[in-house]
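Biologist: Could you walk me through this structure and explain the words you use for it as we go?

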Amino acid sequence: MLNRNKHISQVVVTAAQMRDIEARIFAAGMPVSALMEKVAGLIAKRIQEIWEPSNHVGILTGPGHNGGDGLVVARELHFRGYDVWIYLPFDKLKELTSQHLQYAQSLGIPCYQEIEQLPDCDFLVDGLFGFGLEREITDPIASVINQLNEWNKPIISIDLPSGLHTDTGEVLGTAIRANYTLCLGLWKQGLLQDQALDYIGKAELIDFDIPWADVQAVLGDVPKVKRITPTTALSTLPLPRPPVTHKYKEGHLLLICGSRRYAGGAILTALGARGSGVGMLSIAVPESLKQLLVSHLPEALVIGCPETETGAIAQLQLPENTNLSSFSAIACGPGLTKDAISIVQEVLASDRPLVLDADGLNILAQLGTILTLQQRQAATVLTPHTGEFHRLFPDIADAKGDRVKAVQEAAAQSGAVVLLKGARTAIANPQGSVWINPESTPALARGGSGDVLTGLLGGLLAQAVNKAIPVEDIVATAAWWHGQAGILAASERTELGVDAFTLSQYLLKVIVGRS
Ligand SMILES: NC(=O)C1=CN([C@@H]2O[C@H](COP(=O)(O)OP(=O)(O)OC[C@H]3O[C@@H](n4cnc5c(N)ncnc54)[C@H](O)[C@@H]3O)[C@@H](O)[C@H]2O)[C@@H](O)CC1
Ligand SMILES: Nc1ncnc2c1ncn2[C@@H]1O[C@H](COP(=O)(O)OP(=O)(O)O)[C@@H](O)[C@H]1O
Ligand SMILES: [K+]
């Protein structure tokens, strides 16, 4: 049972999967009405906790079981002393929903068909549509939703804000802008897509005891799409260290970054790597940046390289008896400029795990993403934002739409682990497994935060080199750690206080006391 509770928050489902899981529960004997009663009871309880002092509530009710949930909530809140009004603009209701309406009305709870009739409420509960929404919302409901959004009343959505596509998070016509979303049973994939975030508000899972066996029967033993949780992220950290070890056993990362034009990116990447705790850090930069890097990172081995006329690295001049195979992992890209093309070609040809970011990605796109990566002998991790993603994968439709699908396609095409940056960063391996980082902060939308991630990720990969941890799990840990550092920094310093240097200083605070 403990195991189930630990795993349930990782699970992400589509509408079709949720329907299959529910069908198994009903087939096993659970009456549909009993489940609705249980689920809506939990929703009502949570609503009372959230909006305890307010007691005028409007319940927006749809024709299906999302509306049925809403009506049970209406009844429960009525019994708890709330003044409840139902808004129900549909004539044809599913049978269970219709029965709950009849009973609610028999209790004297008023029900209106016109939104104008609904009295002034302290807050609204959105039970219009859940995962059964199957087409665009049209008038008159679309206009009503727009009007409701303009009222600026707090709204709690049941399962998901009505109007969002359950899988892609796309707005189907229009959608309720909720302050809270109480997601039922298992996390719906659409709630983890960037395009849905403006509509969701604060999202919580209402666990209603879906048996783990039913989840497994539908999703398989290892679900394809998962949320990163503190448990999953912390489990891959290289802690505790073995008592007898030395610096090279704790990973040797080579960073290749910076140019005369972009010196700061090299420092930020290196500070991200420092935050990872990596045993040994070597940093290859253009010769003219060497002193600067040494002054910021006295512990690192800074390798000054010959420069092009434009101040990019012209040639990797590694120390004697060292070649690229001497390192546990390589991270390459931030601040390089596109003039460092030969360097990127050289690291691509190496047999070491490689993280490519920023100009490393722009150069890869120029070289031809798919064909170039086919030559790789070791793991490659690409960390594009949407702009870089489109340059790398011009054939893949829309990295701003269904990002889960986009990142899966990119990983499958390229054979790399792809981390698609965003508000809900998504990571896929070539076999189609996806991790989504469910929490982050717009405080990170700031120049240089990506550099910190590259260094952190490189450092974690270097430390994992001889361990049997899948690369995508390490990448997921880095994304989570980076996001949590942003959240912690923003909570202490506001969303305006999280410059990339500050972010790097918060990495350690995330894990102290937790691992
Ligand atoms: N079976 C149960 O008792 C449980 C119900 N749950 C609730 O049931 C919901 C799913 O219920 P349903 O499958 O009935 O589906 P929904 O209630 O989400 O909506 C489907 C209904 O809306 C209509 N509809 C769909 N798209 C429309 C559109 N664009 N314009 C107008 N009407 C449209 C359909 O004809 C159908 O009547 C979940 O989201 C959840 O709230 C579960 O979460 C918990 C268990
Ligand atoms: N709105 C947002 N919410 C959460 N995280 C964000 C948001 N915008 C950006 N980020 C994160 O910030 C980082 C930005 O990286 P990137 O775009 O490479 O910027 P830079 O190159 O300037 O460092 C990524 O990790 C991304 O996921
Ligand atoms: K809803």
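Modeller: Let's begin with one term: a polar contact is a pair of N or O atoms within 3.5 Å. Keep in mind that this is a predicted model. Take ligand 1 as a start: a backbone N or O atom of Phe131 lies 3.1 Å from one of the ligand's oxygen atoms. That value is within 3.5 Å, so the pair counts as a polar contact.

Biologist: Which residues come closest to ligand 1, and how many surround it?

Modeller: Ligand 1 is surrounded by 24 residues, and the closest are Asn66, Asp69, Lys94, Gly130 and Asp159. A polar side-chain atom of Asp69 lies 2.8 Å from an oxygen atom of ligand 1. For Arg19, a polar side-chain atom lies 3.4 Å from an oxygen atom of ligand 1. Both distances are within 3.5 Å, so both pairs are polar contacts. As for cover, ligand 1 taken alone exposes 870 Å², and the protein buries 89% of that.

Biologist: What makes the pairs between Lys421, Gly422 or Gly450 and ligand 2 polar contacts?

Modeller: The same kind of check works here. A polar side-chain atom of Lys421 lies 2.6 Å from an oxygen atom of ligand 2. Gly422 has a backbone N or O atom 2.9 Å from an oxygen atom of ligand 2, and for a backbone N or O atom of Gly450 the distance is 2.5 Å. Each value is within 3.5 Å, so these are polar contacts. Taken alone, ligand 2 exposes 570 Å², of which the protein buries 77%.

Biologist: Which helix gives the most to the shell around ligand 2?

Modeller: That is helix 17 (residues 449–463), with four residues. By class, the shell around ligand 2 has five nonpolar, ten polar and three charged residues.

Biologist: Let's turn to the rings. Why is the pair of Trp51 and Phe123 called stacked?

Modeller: Of the four aromatic pairs in the structure, Trp51 and Phe123 have 5.0 Å centre to centre and 15° between the planes. Rings pair if their centres lie within 6.5 Å, and planes under 30 degrees apart count as stacked, so this pair meets both conditions. The pair links distant parts of the chain, 72 residues apart: Trp51 is in the loop between helix 3 (32–50) and strand 2 (56–61), and Phe123 is in strand 5 (residues 123–127).

Biologist: And why is the pair of Trp51 and Tyr180 called edge-to-face?

Modeller: Here the ring centres are 5.8 Å apart and the planes are at 75°. Angles over 60 degrees count as edge-to-face, so that is the name for this pair. Tyr180 is in strand 7 (residues 180–184), 129 residues apart from Trp51. Trp51, Phe123 and Tyr180 form one aromatic cluster.

Biologist: How do you know whether Trp51, Phe123 and Tyr180 are buried or exposed?

Modeller: Buried means under 20% relative accessible area. Trp51 has 15%, so Trp51 counts as buried. Phe123 is at 0%, so Phe123 is buried. Tyr180 has 18%, so Tyr180 is buried as well.

Biologist: What makes you say that a charge sits over the ring of Tyr199?

Modeller: The charged end of Arg177 lies 4.5 Å from the centre of the Tyr199 ring and sits over the ring. The distance cut-off is 6 Å, and the charge must also lie within 35 degrees of the ring normal. Likewise, the charged end of Lys509 sits over the ring of Tyr506, 4.3 Å from its centre.

Biologist: Why is the peptide bond from Asp139 to Pro140 worth a look?

Modeller: That bond is cis, with omega near 5°. Most peptide bonds are trans. Pro140 is in the loop between strand 5 and helix 6. The bond from Leu239 to Pro240 is also cis, with omega near -10°.

Biologist: What is the phi of Asp209, and is Asp209 buried or partly exposed?

Modeller: Phi of Asp209 is near 65°, a positive value in a residue other than glycine. Most residues other than glycine have a negative phi. Asp209 has a relative accessible area of 42%, which lies between 20% and 50%, so Asp209 is partly exposed. Ala358 also has a positive phi, near 50°, but its relative accessible area is 17%, so Ala358 is buried.

How values were computed
Residues numbered from 1 in each chain as written. Chains lettered and ligands numbered in written order. Predicted model: local features only at pLDDT ≥ 70, side-chain atom pairs only at ≥ 80, totals over all residues. Heavy atoms only, no water. Polar contact = N/O pair within 3.5 Å; in protein donor to acceptor, adjacent residues only side chain to side chain. Areas by Shrake-Rupley, 256 points an atom, 1.4 Å probe, with all protein chains shown as cover. Helix = DSSP H or I, 4+ residues; strand = E, 2+ residues; numbered from the N terminus. Nonpolar A, V, L, I, M, F, W, Y, C, P; charged D, E, K, R; others polar. Phe/Tyr/Trp six-rings, centres within 6.5 Å; stacked < 30°, edge-to-face > 60°. Buried < 20%, exposed > 50% of the residue type's maximum accessible area, 1.4 Å probe, protein only. Near = heavy atom within 4 Å.
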